[in-house]
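Please take a moment with the sequence and the coordinates before reading on. The paragraphs that follow begin with one local motif and then widen the view.

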Amino acid sequence: MTTKTVTLPITGMTCANCVSTVERNLKRLEGVETAAVNLASERAEVVYDADKLGQPEIIARIERAGYGVAQGEALLPIRHMADDSDARRLERALSALEGVTSAQVSLATEQATVSYIPTLLSQADLRRAVDEAGFEAIEVTGSSEDAEQAARDKEIAHQRHLLFTGLLFSVPLFVLSMSRDVVHNVEDLRNFLPGLYHWPYLDWVFLVLATPVQFYVGWQYYVGAYKALRNRSANMDVLIAMGSSVAYLYSLAVLLLDTFANYPLGHLYFETAAVIITLIILGKYLEARAKGRTSSAIKQLMGLQARTARVVRGGAERDVPVDDVRVGDNVIVRPGEKFPVDGVVIEGRSSVDESMLTGESLPVAKGPGDKVVGATLNKQGLLKFEATRVGRETALAQIVHLVQAAQGSKAPVQRLADQVSAIFVPAVIAIALVTFTGWMFFSGSYPANFLLQRALINAVAVLVIACPCALGLATPTAVMVGMGKGAEAGILFKNSEALERAGRIATVVLDKTGTITRGQPAVTDIVVDGWREGEDALLRLAASAEKGSEHPLGEAIVAAAGERGLALAAPAGFAAEAGHGVAATVDGRAVLVGSARMIAARGLALNGLEPVVQRLQAEAKTAMLAAVDGQVAGVIAVADTMKEGSAEAVAELRRMGLRVVMLTGDNRLTAEAIGRAAGVDEVVAEVLPGDKAEHVKRLQAGPAGARHAPTVAMVGDGINDAPALAQADVGIAIGTGTDVAMAAAPVTLISGDLRGVPRAIGLSRRIMRTIRQNLFWAFFYNVILIPAAALGFLSPILAAGAMAFSSIFVVSNSLRLRRHRLA
């Protein structure tokens, strides 16, 4: 029996009953000896038998009881990962740590994302575990982005130094070796250049040139191979170390036997060993530089933040580093400057360019009470605002965190590549052994030394042609570049699974209010027939009467008068009739604004305006009659108008082959009028908010007899349609603004522009197409070229070059997504 004690931080407890509930549930677990929960410290101490129970089961039981376990998250930059098998090995090592609840290691980002229980584990423990697994975790101090970038640049510089060293020795070695081979094969050259052909010390020169490449430039592969094998794993380093060592050690043995035992075995392959390592270093160097560009979008987002802020402290303005800004500080931003942090305007008016975060090009007017977002640009006036969110709480920091977390997640399409990568290196070593055996013993009756050379060289070719890196990079590099591209346009994917599902969407369900329409009533028509004073006079009187109303329709009329610059009068004798309208005296004139029923109840004639009212109602508008001094003067129509670009967005979705359905609680007449204007395929009206999820479920079932259920996306503002967003295969929250932390949907569009929906789906399709291209290349390359190497069609040098090119191709293909235009 192994007794262990763990202390877990509990969330969600509010009373003593919560304490007893958690304790009772924990004690029901087989293996738990005692469980004590403290409400004040919000911690549970559990003593249990580790032979019968593990921490995951304890945490699951707490969550099943309706509470949570507080977790920390560490984002650790990792160095010295060679390929995907290294990433998976490190992932296993971190996941095995006591206190780690999840660990994801991305080869593309060279980062480990670890969720852990802070009462059981610290980040120092995580870094120690990374070191013990044979890698290096960069300790983040100060600005994490600057520290990580400096470490990456240092690693690239080291690889560049090794590359130049390798070229310095490999190029002359290759030229001399190939020249001697040419001289050997051409009799006239043998006579013309006898010194090159017969010089007895030339082979020793080859050894001198090859040794620094083998054991200095290539030393990192020996170290990587040792660490992998020590952890009972195998990676790309094992293949490179084996392949180059076989060529080098065979050549060394031949040279020594020929020199000291006078036992010539034939050709030397020092140049093969050296060029293999140099070409691999070249490929890794170019790959590292290309991979650095896959995160350029995130780096650009990080670079948007202002470095300093002008704060008012002690009655004086002073510039401070942005990290020193505190919540509650008053910050001054002049025209042309960036907002350093998030806040609320307290003085001044201006327009702000928010395109760097939302993708919307038009500046947004800002005044007292309006929110401003860090990294956006003040265009015109001077503004003073109060800081409300600083540091990691700003919208920019949240966006960067969301995108980085999503980039590090694994897409379902990657599972096959992961399964293949798990057995790839052992399989390649087995194929190399079969290749050697086949050429050595079953390739005909040739001299033994010739058979040994051919068998070794072909086995080496198999070892160095194999490329697990391309398999490991195929998906994450495309996801990184694509998600970064989306973030630039205000499109955020919660994880890679959401990205993959978005590419399969067949039906798009649009909520009407706030999605297709603005969600705010506005005056659309003013009709005066026979009333001589005109539209503005009627609107002024009606707006003055509605001045005391809190009804949305009345507020729309007041807003329309304000847009026209009309000066309103103070109403007297204001009276509201619920559901019908208002009456007031304005400038001594009796004004009525209301429904046809209210006007009829007062016994007023419509003066021939009945057809106008019917026409406006058929257009899904609310027609309100305005009467002045006992005479009906005109009709004011109010409607929830369509957003600019909604019809264009629906047309684009249909052009993409998607079925578009509008879901609304409005009456059918109003809904169908909006549906016609937007151009949707189907209108589902008079749906209660609680029933929207059920309608989405019916759409997911598909038509009767359908072989495959369609993938359904639900687009809404996330306020009253959260259940429908959760029910859909892909929930798309639109118009969340920069408060992205509140958006729990798989896809979030910061802007309220509906055209972001086809952009998001189009981007997802493009990313998935790139992933499929990468995976096809990675599989095709290995399936075709490994047998070709085994059959003797590829020399080890060509094999090494092809291997280096394969990873570069995958990364470069993913980088093409940066040029993708979001229409």
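**A hairpin and its surroundings**

Strands β9 and β10 form a hairpin in which two residues lie between the strands, and Gly314, in the turn, has a positive phi of about 65°. The model is a predicted one, and the angle just quoted for Gly314 is therefore a computed value of that prediction.

The two arms of this hairpin, β9 with residues 308-313 and β10 with residues 316-321, pair in the antiparallel sense over six bridges, and one of the pairings can be located by following Thr308 to its bridge partner in β10, Pro321. Strand β9 is also joined to β11 (residues 330-333), again with the strands running antiparallel, through three bridges; here Arg310 stands opposite Ile332 of β11. When reading side-chain directions along such elements, it helps to recall that in a regular strand the side chains alternate between the two faces of the sheet.

Another place to inspect is Arg755, which sits in the loop between β30 (747-749) and α28 (756-790). Leaving aside residues up to four places away in sequence, Arg755 touches Glu644, Gly645, Glu648 and Ala649, and with Glu648 the side chain of Arg755 makes a polar contact of 3.1 Å.

Seen as a whole, the protein has 29 helices and 30 strands, and 51% of its 823 residues count as buried. Among contacts between residues at least 6 apart in sequence, 68% join residues that are at least 24 apart, while the exposed surface of the protein comes to about 37000 Å², with carbon and sulfur atoms supplying 55% of it.

Definitions and conventions. Residues are numbered from 1 along each chain as its sequence is written. This is a predicted model: local features need pLDDT of at least 70, side-chain atom pairs count only at pLDDT 80 or more; totals for chains, interfaces and linings use all residues. Side-chain values use heavy atoms; hydrogens and water are left out. Helices (H or I, at least four residues) and strands (E, at least two) are DSSP runs, numbered from the N terminus. A polar contact is a pair of N or O atoms within 3.5 Å; within protein, one must be able to donate a hydrogen and the other to accept it, and residues adjacent in sequence count only if both atoms are side-chain atoms. Contact means heavy atoms within 4.5 Å. Buried means under 20% relative accessible area, exposed over 50%, partly exposed in between (1.4 Å probe, protein chains only). Accessible areas come from the Shrake-Rupley method with a 1.4 Å probe; for residues, only the protein chains shown count as cover. Two strands pair if DSSP finds at least two bridges between them.
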